[in-house]
Amino acid sequence: MVTRRSFIQTVSNGIVYTSVAGSGLLVACQGKSDQSKESEKQADQRKEKKKGKLGIALVGLGKYSEEQLAPALEETNHCYLAGIVTGTPDKAEKWKKKYDIPEKNIYNYETFDTIKDNPDIDIVYVVLPNSMHADYTVRAAKAGKHVICEKPMALTVAECDQMIAACKEAGKMLSIGYRLHFEPYNLEMVRLAETKTFGNLKKIKAENGMNGTEGWRVDKELSGGGPLPDVGIYCIQAVRYTTGQEPLAVRAKEGPKKDKEFFKEVEASLTWEMEMPGGVIAECKSSYEEDMSLLRAEADKGFFELKPAYGYSGQKGETSQGKMDLPKVNQQALQMDDFAEAITKKRPTPVPGEMGRQDVKIINAIYEAMKTGKRVEIPA
Ligand code: NDP
């Protein structure tokens, strides 16, 4: 018990001394008032930093959210990490502390729909296993939020249509997490092709893969397929943005499996060809059993290529005239900032739902070609 008599407070140089009754103890609560002033100041600074920015809620705190998106949101100018949606209470606690997220902005999958009542959240970013993208995008739109959905947009074109329609109905924007549209080396490939710096394109090679995968990625119900929708999608994207064209038809072949038991539900690797209008053939390859990252364009008067091409950083580029030397960027920060700016300026996003839908259509045509061994035309 602390009586008035025993409560001796001396404030000197920011140090508060308190003597506790009967104990003769002098407790030093060092700099308490300064400390609270400091945390108030920090809170004010954080508030100031968030002013005028759009609030993003990440849904699914897995590897990509934790290691790429959340750190990128520390570097963004037009949006910030305002909330989280997670099924794992430990993660909620950890993220709350690390990113100073108020309790009222923390949701789980059961409470997700109540996000509609939270004005702090402008954008919902769906970073869940592939088969959950459609449901959470539609629900986010119904909650009146703009949506970024990770690749692949969904498992079927019908799901993509529902996602696009839900966002349209709600008057909200939808974009897909295609970060390479903001990466200078990949943009240089587009520029070199567009300006015909090396003449007309003759052939494209796109390869993306890694040695190893785990978890839901080999569970067909959750992933929709193996490396094709996960990392092969970057090859499809690269061919589309480098040529500026849409493929007419595809042929595909599944690769052999080193570990048949592990890959019992999905392909371990595949090769496929895309026929582009004007005769360019894109030769593509994707794998969970081999590291590769290549985008190579061959044209009448030379070549231009990226190797590695698709990572979060570390792109290297070369042309028949020499090496590329371009700035390093935070792709995810640029991608999210661009979407926030598109919303506030009411302009289209360069990576809309329709772009994701086209990739899903191509992926499904590739699977059909792989299964039947036949040339499959891409439906209009
Ligand atoms: P992880 O497996 O690391 O994380 C997925 C998270 O989703 C889990 O941690 C969990 O979060 C949540 N989740 C909810 N339900 C399930 C379930 N049934 N099974 C597993 N997880 C579940 O995956 P990634 O972060 O690597 O990938 C997530 C999405 O992001 C995928 O669609 C992927 O294609 C995409 N991606 C995009 C990249 C890019 O470069 N654009 C790079 C990597 C991934 P919680 O515990 O919080 O509920």
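Me: A salt bridge is a side-chain nitrogen of Lys or Arg within 4 Å of a carboxyl oxygen of Asp or Glu. How many salt bridges does a search of the whole structure find?

Reply: The search finds 25. The model is a predicted one, in which local features need pLDDT of at least 70 and side-chain atom pairs pLDDT 80 or more, while totals for chains, interfaces and linings use all residues. Residues are numbered from 1 along each chain as its sequence is written, and side-chain values use heavy atoms, without hydrogens and water.

Me: Why is the pair D120 and K104 called a salt bridge?

Reply: Their closest N and O atoms are 2.4 Å apart. That value lies within the 4 Å limit, so the pair counts as a salt bridge.

Me: Which parts of the chain does this pair link?

Reply: Distant ones: D120 is in the loop between β6 (106–107) and β7 (123–126), whereas K104 is in the loop between α3 (89–99) and β6, 16 residues apart. Helices (H or I, at least four residues) and strands (E, at least two) are DSSP runs numbered from the N terminus.

Me: What backbone feature does D100 show, and in which loop does D100 lie?

Reply: Phi of D100 is near 55°, a positive value in a residue other than glycine. D100 lies in the loop between α3 and β6.

Me: Why do N130, E150 and K151 count as polar contacts of the ligand?

Reply: A polar contact is a pair of N or O atoms within 3.5 Å. An N or O atom in the side chain of N130 is 2.8 Å from a ligand oxygen. For E150, a polar side-chain atom lies 2.9 Å from a ligand nitrogen. K151 uses a backbone N or O atom, 2.8 Å from a ligand oxygen. These distances fall within 3.5 Å, so each pair qualifies.

Me: Which elements give two or more residues to the shell around the ligand?

Reply: They are α2 (63–72) and α8 (227–243). Of the 25 residues around the ligand, T86, T88, K91, Y109 and R179 come nearest; a residue is near if one of its heavy atoms lies within 4 Å.

Me: Where are cis peptide bonds found?

Reply: One joins K151 and P152, with omega about -15°. P152 is in the loop between β8 (146–149) and α5 (157–170). Another joins K307 and P308, with omega about 0°, and P308 is in the loop between β15 (302–306) and β16 (317–319).

Conventions. A polar contact is a pair of N or O atoms within 3.5 Å; within protein, one must be able to donate a hydrogen and the other to accept it, and residues adjacent in sequence count only if both atoms are side-chain atoms.
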